[in-house]
Amino acid sequence: MIITCAIIDDEPLAAGLLESYAKKTPYLSLAGTYSSAVEAMKHLRENPVQLLFLDIQMPELSGIEFAKILPKETRIIFTTAFPQYAIEGFRVSALDYLLKPISYNDFLKATDKALEWFSVAQRQDAHRRDRFMFVKSDYKLQRVCLDDILYVEGLKDYVRFYLKNGDQVMSLMSMKKLEEYLPRPEFLRTHRSFIVHMTETPLVERFRIVFNGVQIPISDNYKEDVQRYFDEHTLV
């Protein structure tokens, strides 16, 4: 896939270096380079990009301030000479944080992370739109409709899908990979061994989800997200 990107940096040398890196990276399409956030704002409003290489310390409008008004679809890699801004940068959901002077190797590591993020997001969008996926099962591709899933159990290197009609589908896949692809919060991890289709949950008893007598545990590691879901859908 190709990622559209832009650079915002008030230092000409730093901006030029990033521009040269972007132009020689095959999966990046550079839409523009700007010397300030104010200048970029006019162009990016009409021609948004997917990824922004954003300096932090700039006149008029800082990179942190600018990041807070960007569309949530725009991902950010901060570029700065000041390491003390790292924590603040991640608070606005930056994909990465590059410390100047930036080597091409560090640039590639950050953009590879962006490529992976956009690839996963693209697949998630497809699953949400089409409501099905194909999984490898017994040397064939088995179609699994999202609306048919009750829950998924992790079994070492495999996962087992439990479907509404009583069928089960085994596939060689990690729970972590599956969790990344399934739309949240419709599907939530409740335990290291279970992902539950929350909209199909029939009963919760003693903080366990019950499907046809099968009790699915909710561990402390995932309790907060699951509790939030129940709170939002409980009539009191």
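Trainee: Which residues of helix α1 are buried?

Mentor: This is a predicted model. In α1, the buried residues are Ala-14, Ala-15, Leu-18, Tyr-21 and Ala-22.

Trainee: Where do they sit around the axis of α1?

Mentor: Start with the general idea. An α-helix has 3.6 residues a turn, so residues three or four places apart point the same way. Now the case here. The buried residues cover an arc of only 125° around the axis, which puts them on the same side of α1.

Trainee: What does the face turned away from the buried side of α1 carry?

Mentor: That face carries exposed residues: Pro-12, Leu-13 and Lys-23.

Trainee: What should the 12 residues of α1 span?

Mentor: Use 1.5 Å a residue. Helix α1 covers residues 12-23, and the expected span is 16 Å. Its end C-alpha atoms are 16 Å apart, which agrees.

Trainee: Now rings. How many aromatic pairs does a search of the whole structure find?

Mentor: The search finds 11. One of them joins Tyr-21 and Phe-107. Their centres are 5.3 Å apart, with 55° between the planes. That pair is tilted.

Trainee: Which parts does this pair tie together?

Mentor: Tyr-21 lies in helix α1, and Phe-107 lies in helix α5, residues 104-130. So the pair ties together parts that are 86 residues apart in sequence.

Trainee: Is Tyr-21 buried or exposed? And Phe-107, buried or exposed?

Mentor: The cut-off for buried is under 20% relative accessible area. Tyr-21 has 9%, so it counts as buried. Phe-107 has 0%, so it is buried too.

Trainee: Why is the pair of Phe-132 and Phe-134 edge-to-face?

Mentor: Planes over 60 degrees apart count as edge-to-face. The planes of Phe-132 and Phe-134 are at 85°, so the pair is edge-to-face. The ring centres are 5.6 Å apart. Phe-132 is partly exposed, at 22%. Phe-134 is partly exposed at 48%.

Trainee: Which residues form one aromatic cluster?

Mentor: Tyr-21, Phe-53, Tyr-104 and Phe-107 do. Look at Tyr-104 again. Lys-24 lies over its face, 4.3 Å from the ring centre. Elsewhere, Lys-223 lies over the face of Phe-207, at 5.5 Å from the ring centre.

Trainee: One last site. What does UniProt list for Asp-55?

Mentor: An unreviewed UniProt entry lists Asp-55 as a modified residue, 4-aspartylphosphate. Asp-55 is in strand β3, residues 51-55. Its relative accessible area is 2%, so Asp-55 is buried.

Trainee: Which residues does Asp-55 touch, not counting residues up to four places away in sequence?

Mentor: Asp-55 touches Ile-8, Asp-9, Asp-10, Glu-11, Gly-63, Thr-79, Thr-80 and Lys-100.

Technical notes. Residues are numbered from 1 along each chain as its sequence is written. This is a predicted model: local features need pLDDT of at least 70, side-chain atom pairs count only at pLDDT 80 or more; totals for chains, interfaces and linings use all residues. Side-chain values use heavy atoms; hydrogens and water are left out. UniProt positions are given in the numbering used here, feature names are shortened, and annotations may be inferred rather than shown by experiment. Helices (H or I, at least four residues) and strands (E, at least two) are DSSP runs, numbered from the N terminus. Buried means under 20% relative accessible area, exposed over 50%, partly exposed in between (1.4 Å probe, protein chains only). Contact means heavy atoms within 4.5 Å. The expected span of a helix is 1.5 Å times one less than its number of residues. The arc is that of the directions from the helix axis to the C-beta atoms. Rings of Phe, Tyr and Trp (its six-membered ring) pair if their centres lie within 6.5 Å; planes under 30 degrees apart count as stacked, over 60 as edge-to-face and the rest as tilted. A charge sits over a ring if NZ of Lys or CZ of Arg is within 6 Å of the ring centre and within 35 degrees of the ring normal.
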